[in-house]
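Work through the exercises below with the structure open beside you. Try each task before reading its solution.

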Amino acid sequence: MSREHAPLVPQAVPADLQAALAGARPRLGSFGQDLRFFTSVGSTNDVADRLALDGAAEGTTVVADTQTAGRGRLGRTWHSPPGAGLYASVVLRPGSTPSPALWTLVAGVGLADALRRVSGLNVLVKWPNDLVIGRKKVCGILAEGSASQGSIRHVVLGFGVNLRPAAYPADLADRATSLEGELGRPVDRGIVLAGSLEALADRIEEARASGIGAILDRWRALAPSSIGSQVEWRSPDGIRRGTTAGIDGDGALLVTAGGAVERIIGGEVRWM
Ligand code: BTN
């Protein structure tokens, strides 16, 4: 996956991030202990992937002020203007549990609860991994695995949080929101980063120790649109329509359509 070939020379970690992480340190486990900060990178996921290939430990975290080639799911661009968002990626060493396909759901629960805690806003999850306020997206998550001889070597878990209003392209402008835009007051990105890393460390530890049953229950509680919503998706037979009926134990979206239950494991689902 790594597209990052330039020498990786991080800059000094800004004081706002240092202060917030120092306060949270005892609760972060390995997350953010090794933090690499860049004013500008292509994609923090690529930098973290490169570090992981070079042997970086689990929890190694890459943060950038701006990304020139930030990417989202389904090959989309993740607009990453300077100062408008938190762009971060964490190296995970998966071990046995949970399966890589479930990492984004685990991360979605952790990050949704983190953003709820730091902002007090009603941040919800939309399958598979959009964090939304109302119908507008405030955070996206991109988990990318690197495999060798059939087994996962590492996973890079990237997340982008919209901190303040930005000049998004017209097609995104009415589908995106930001924490500051919703709150009408400044938000400390260090607190958002520390809260996010703490929640991720916590949920990933829980998944390893106790499995993901309780995390999936929390996901369901945070994702009311995963039951009873009209959706449209592209199948090999063309555009299909149906009604969401929850997720299964593997994180697939269940949709009732034409009297049958379909399992959707990826691709684009449009909420009507
Ligand atoms: C999505 O909703 O489509 C996922 C967006 C993920 C964006 C983050 S920003 C930090 C990390 N680096 C990237 O290039 N992408 C992720």
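**Exercise 1. Decide whether Ser226 is buried or exposed, then describe its surroundings.**

Solution. This is a predicted model.
- Step 1: find the residue. Ser226 sits in the loop that joins α7 (213–222) to β8 (227–235).
- Step 2: apply the cut-off. Buried means under 20% relative accessible area. Ser226 has 4% relative accessibility, so Ser226 is buried.
- Step 3: look for a polar partner. The Ser226 side chain reaches the backbone oxygen of Ala223 at 2.7 Å.
- Step 4: list the contacts beyond four places in sequence. Ser226 touches Trp219, Thr244, Ala245, Gly246 and Leu253.

**Exercise 2. Place Val155 and find what it touches.**

Solution.
- Step 1: Val155 belongs to strand β7.
- Step 2: its relative accessibility is 2%, so Val155 counts as buried.
- Step 3: leave out neighbours within four places in sequence. Val155 is then in contact with Val90, Val91, Leu92, Pro94, Trp103, Ala143, Glu144 and Gly145.
- Step 4: compare with Arg241. Val155 and Arg241 are 86 residues apart in sequence, and their C-alpha atoms are 33 Å apart in space.

**Exercise 3. Explain why α2 can be called largely enclosed.**

Solution.
- Step 1: count. Eight of the ten residues of α2 are buried, so the rest of the structure largely encloses this helix.
- Step 2: name them. The buried residues in α2 are Thr44, Asn45, Asp46, Val47, Ala48, Asp49, Leu51 and Ala52.
- Step 3: find the cover. The elements over these buried residues include β1 (35–41), β2 (61–67), β3, β6 and β7.
- Step 4: check the ends. At the start of α2, a side-chain oxygen of Ser43 comes within 3.1 Å of the backbone nitrogen of Asn45. Just after α2, Gly55 has a positive phi of about 100 degrees.

**Exercise 4. Work out where the largest pocket lies relative to the two domains.**

Solution.
- Step 1: set the bounds. The protein is divided into domain 1 (15–221) and domain 2 (226–271).
- Step 2: relate the domains. Their C-alpha centres lie 25 Å apart. Twelve residues of domain 1 are in contact with 15 residues of domain 2.
- Step 3: assign the lining. Both domain 1 and domain 2 give residues to it, so the largest pocket lies between them.
- Step 4: describe the pocket. It holds about 1,200 Å³ of space. Its lining has 48 residues, and Arg76, Lys126, Asp130, Lys137 and Arg175 lie nearest the centre.
- Step 5: sort the lining. There are 18 nonpolar, 17 polar and 13 charged residues. The largest share, five residues, comes from β6.

**Exercise 5. Identify the backbone features at Pro128 and Leu74.**

Solution.
- Step 1: recall the background. Most residues other than glycine have a negative phi, and most peptide bonds are trans.
- Step 2: inspect the bond from Trp127 to Pro128. It is cis, with omega near 0 degrees. Pro128 lies in the loop between β4 and β5.
- Step 3: inspect Leu74. Its phi is positive, near 55 degrees. Leu74 lies in the loop between β2 and β3.
- Step 4: judge its exposure. Leu74 has a relative accessible area of 45%, so Leu74 is partly exposed.

Technical notes. Residues are numbered from 1 along each chain as its sequence is written. This is a predicted model: local features need pLDDT of at least 70, side-chain atom pairs count only at pLDDT 80 or more; totals for chains, interfaces and linings use all residues. Side-chain values use heavy atoms; hydrogens and water are left out. On a 1 Å grid over the protein atoms alone, a cavity is a set of points where a 1.4 Å probe fits but cannot get out, and a pocket is an open set with protein on both sides within 12 Å along at least five of seven lines; lining residues have an atom within 4 Å of a point. Grid points are joined across faces, edges and corners, and a volume is the space filled by probe spheres set on the points. Helices (H or I, at least four residues) and strands (E, at least two) are DSSP runs, numbered from the N terminus. Ala, Val, Leu, Ile, Met, Phe, Trp, Tyr, Cys and Pro count as nonpolar, Asp, Glu, Lys and Arg as charged, and the others, Gly among them, as polar. Domain bounds come from an automatic or database domain assignment. Buried means under 20% relative accessible area, exposed over 50%, partly exposed in between (1.4 Å probe, protein chains only). A polar contact is a pair of N or O atoms within 3.5 Å; within protein, one must be able to donate a hydrogen and the other to accept it, and residues adjacent in sequence count only if both atoms are side-chain atoms. Contact means heavy atoms within 4.5 Å.
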